[in-house]
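Me: I'd like to learn how labels such as "buried" or "edge strand" are earned. Can you show me the model and take my questions one by one?

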Amino acid sequence: MALPVEEWRLYAARRWASLEPALRERLAAASLHETLRLGCGLLRPEAEAAVLQRLCRRAGAGKEPAAARIYREEGNRLFGRRHYGAAVRLYSQAASHELPGSPEVSVCFANRSAALFHLGCFEVCLEDIARAESHGYPDRLLPKVLLRKAECLLYLGRLQDAADALSVVENKIAMDGIMTSPTHQTLLKKLSQLKIKIHEKENCPEPAREACGAIQRKSEIWEENDSISGASSSLSLNFDIERGRHLVASQDILPGQNLLKEEAFVSVLCPGESHLLQDSGETAWDTRVTNADLYCHRCLRQLLASVPCRGCSYAKYCSQNCADVAWEQYHRAECSLGALLLTLGVFCHVALRTVLLAGFAEVSRLVEWSHDGDKDLHNPEASCKHFSEAPDTRAGTRGIPGCNDNGQYQSSYQAVFNLLPHAEKHSPEHKFLCMLSVVAICKRLQEAGLEAALLNQESSEKWSKPKTCEKTAGELSPELKTIAEAMLRHVLQLQCNAQAITVMQESGSGDGAVVNKKPVRLATAFFPVLSLLNHSCCPNISVSFSGTAATVRASQPIPSGQEIFHCYGPHRCRMRVAERQQLLSQYFFECRCQACLDELESDVKSVVSVRNSFCCPSCRAPMQVGEDMLCCSNEACAISVSRESLSRRFRDLQQQIKTALELLRDGKADQAIKMLLKCKMDAGNFLSPEHLLMGEMEDHLAQVYATLGKWQEAARHLERSIEIVEMHHGPSSVEIGHELFKLAQILFNGFAVSKALSTIQRAEEILSVHCGPQSTQIQELQEMKTCLSELPRSILQRT
């Protein structure tokens, strides 16, 4: 959720509508500084505080022991059903709601360690056992946990450590006295078994394992640019009135060549839509898993056993180190604002974190500079003219907005600050909403006693115990107004300059035979260098992400002198030109890329439109596009059908597919197949054979057959899906690469050696261009290839 929740947006709209027309006019034409000055005088602190207080109650970012109990009990239930992965996540949610240092949180860690042990995650299991002990795990329950510790150490080959752990358990049992309960007898039996195992391993050590054909990781050729941080030397930074700042190839570039590696200046995890609770009398805790439960809130690494924040229930980290660094850099200010930030949306959260990372001194310097030096900041045309005429610009990059005195464009706060906010193009109502939101955040910082620490960078000890001040209706201090102005600028910048960090997230039944993944928006970030790239609906680069880092690679040959283009959203393969133009209007430009010009100037109907069209329910001929009624293109048939009726059939079909996938998740594969085959037959009566949904159904059928181990059937359906994907996205697209990866897994598991090897080769060629030779999928493909290549020649000849 990039923008604030709907109720806050409606409140801001009513406040805007209640203003005098003359005042609305002044605000519409005002600079950011003037907008904030005028807006602060219009605030009604008590009314706004009441609205936000009610909305924040739904966000549930505080510690709630009652919620912890529900999560822990649900975790216990799933643990009993041997759903260990789901149990781990629920125990993590429970731990995030318990008070730090409480016996209850130690139980969460101990329970999670048991689930991790069953998953074979022994190192992480040991970490959780240590957490349970350090948080005061009940003494009477310790022997069972310590035996688990010894067993983990045994599995990891740390025999002496395992023996030492068993000695601790023996001593503890002896000190507690002799007990004859069944639990005690079970512990003694387990202790005896582990001692025997350790003795056996000590006397019969396992033979040293040979290194399994380690995959050679190709090192990517990389020469960094002298004037653009993180960019290849094959790029140059240019500037002109029409295109603004942009990157151009300074030499011929090959497909797959690395062009840019950049760490996000700031990134904020997108929480997931199901995080907010219903506004009802009773609290119904949501046990569904969201991004906030699956990824580290600082480095975006996938979580296995999260480390919760000590102050709030929302922030979770992959390690104590990440938690500590986040606290020092920004979370000490954000922690008590969790519910407010969830209410006001990711854009406001990114804006706050940006100024926290930059520091008040740098924020103040650039805000003052924007007042003193550059009125052109609010007049982009004049700014472009000024920079294009500057003598330094023709000589190099000095003078281009965002560059330092040496003419270097770095991934810095100065570069972020110089991204265009397009303040004059946003609607006045939207600017008013953003102003209300950032001021609400700054007022909360002031009320929480965090202002002094924010401005003076006091020690973390002082931060950890924020002052509790009485709520005041007084206006913001001058320093916080400076912070608010910078935040307002950043919120407006994000509409045109926010970069979505995406990951390929596993979906489907999770049986492990075939990994089905789909792209998911994980976080919103500022990448100052990546933001230099202009848009094209048919880009010449591909962007991939690893944690908070973006890597840009050429997806096709780029001759010297050609501009480097990124796709901001709708690609020409996915959407018709009219729909693309409508979506791109949020960026305040009319797309005139070559793909749009070709389509606008052509009388031929869009390929996307034809492939994703309805067909006649009677003769299967394409239906001609109309407003309310669609007519069959076959003159001999000439059937007319209402668009609404066909759209209703399409929605019903999507719901049936969703039900089939739920059956698969419940282990009812045979029923899922029957329903998907029926869906496929129904779809053939009114959808084009090349419709993307037809491909999706083939993909789902492949997934179900793979679950049953019917590899040939799975491969047949997936090959049909690949044909449709290739029609839409092209033979060298990243989408085809992901589909070929799945086909390679199916053929590998089905022992179709020759077909698997040829599929692996094609998948490698495509994915190495888009994702690089060190990507996880490339490594898995190479492992499959190595395994198949080492089979006896007699088997290879038969397959």
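What follows is a set of short questions and replies about this predicted model.

Me: What makes the confidence of this model uneven along the chain?

Reply: pLDDT runs from 0 to 100. The mean pLDDT of the chain is 83. Of its residues, 83% reach 70 or more. Yet pLDDT stays under 50 over residues 208–217. It also stays under 50 over residues 274–283.

Me: How many contacts does the model have for residues 208–217 and for residues 274–283, beyond four places in sequence?

Reply: Residues 208–217 have seven such contacts. Residues 274–283 have 19. Where pLDDT is low, predicted coordinates should not be read in detail.

Me: What is the overall make-up of the chain?

Reply: The chain holds 34 helices and 15 strands. It has 799 residues, and 50% of them count as buried. About 38400 Å² is exposed, with 51% of that supplied by carbon and sulfur atoms. Take the contacts with a separation of 6 or more: residues 24 or more positions apart account for 65% of them.

Me: Why is Q93 called buried?

Reply: The cut-off for buried is under 20% relative accessible area. Q93 has 6% relative accessibility, so Q93 counts as buried. Q93 lies in helix 6, residues 84–97.

Me: How far is the C-alpha atom of Q93 from that of G75?

Reply: The two C-alpha atoms are separated by 9.4 Å. Along the chain, Q93 and G75 are 18 residues apart.

Me: Why is R620 called partly exposed?

Reply: Partly exposed lies between the 20% and 50% cut-offs. R620 has 41% relative accessibility, so R620 counts as partly exposed. R620 sits in the loop between helix 26 (607–611) and strand 13.

Me: What makes the phi of R620 worth a look?

Reply: Most residues other than glycine have a negative phi. R620 is not a glycine, and its phi is near 70°, a positive value.

Me: What about F751: which loop holds it, and why is it called partly exposed?

Reply: F751 is in the loop between helix 31 (734–749) and helix 32. Its relative accessible area is 42%, so F751 is partly exposed. F751 also has a positive phi, about 65°, although it is not a glycine.

Me: What makes strand 3 and strand 10 edge strands?

Reply: Their sheet is open, with three strands in the order 3-11-10 and antiparallel pairing. Strand 3 (258–263) and strand 10 (541–546) each pair on one side only. That is what earns them the label of edge strands. Neighbouring strands of this sheet are turned by 15° against each other on average, direction ignored.

Me: How do you know that strand 3 and strand 11 pair?

Reply: Pairing needs at least two bridges. Strand 3 and strand 11 (residues 549–554) have five bridges, in the antiparallel sense. One facing pair is E262 and A550. Helix 32 (residues 753–771) packs on the sheet and touches strand 10 and strand 11. The direction of helix 32 makes about 125° with that of strand 11.

Me: And how do you know that strand 10 and strand 11 pair?

Reply: Six bridges join them, against the required two. They run antiparallel. I541 stands opposite A554. The two strands form a hairpin with two residues between them. In the turn, G547 has a positive phi of about 65°.

Me: Which residues have the most contacts inside the largest nonpolar core?

Reply: They are W8, L259, L352, Y413, I441, M487 and I564. The core has 125 residues. Helix 20 (residues 428–447) gives the most to it, with 11 residues. I441 touches several residues over four places away in sequence, including L337, L352 and M487. A second, separate core has 56 residues, among them A706 and I724.

Me: Which residues of helix 3 are buried?

Reply: In helix 3 (residues 32–42), the buried residues are L32, T35, L36, L38, G39, C40 and L42. They pack against helix 1 (6–18), helix 2 (21–29), helix 20 and helix 23 (478–497).

Notes. Residues are numbered from 1 along each chain as its sequence is written. This is a predicted model: local features need pLDDT of at least 70, side-chain atom pairs count only at pLDDT 80 or more; totals for chains, interfaces and linings use all residues. Side-chain values use heavy atoms; hydrogens and water are left out. pLDDT is the predictor's confidence in each residue, from 0 to 100. Contact means heavy atoms within 4.5 Å. Helices (H or I, at least four residues) and strands (E, at least two) are DSSP runs, numbered from the N terminus. Buried means under 20% relative accessible area, exposed over 50%, partly exposed in between (1.4 Å probe, protein chains only). Accessible areas come from the Shrake-Rupley method with a 1.4 Å probe; for residues, only the protein chains shown count as cover. Axes are lines fitted to C-alpha atoms, for helices over the stretch in contact, and angles run from 0 to 180 degrees between N-to-C directions. A nonpolar core is a set of buried Ala, Val, Leu, Ile, Met, Phe, Trp, Tyr and Cys residues joined through side-chain atoms within 4.5 Å.
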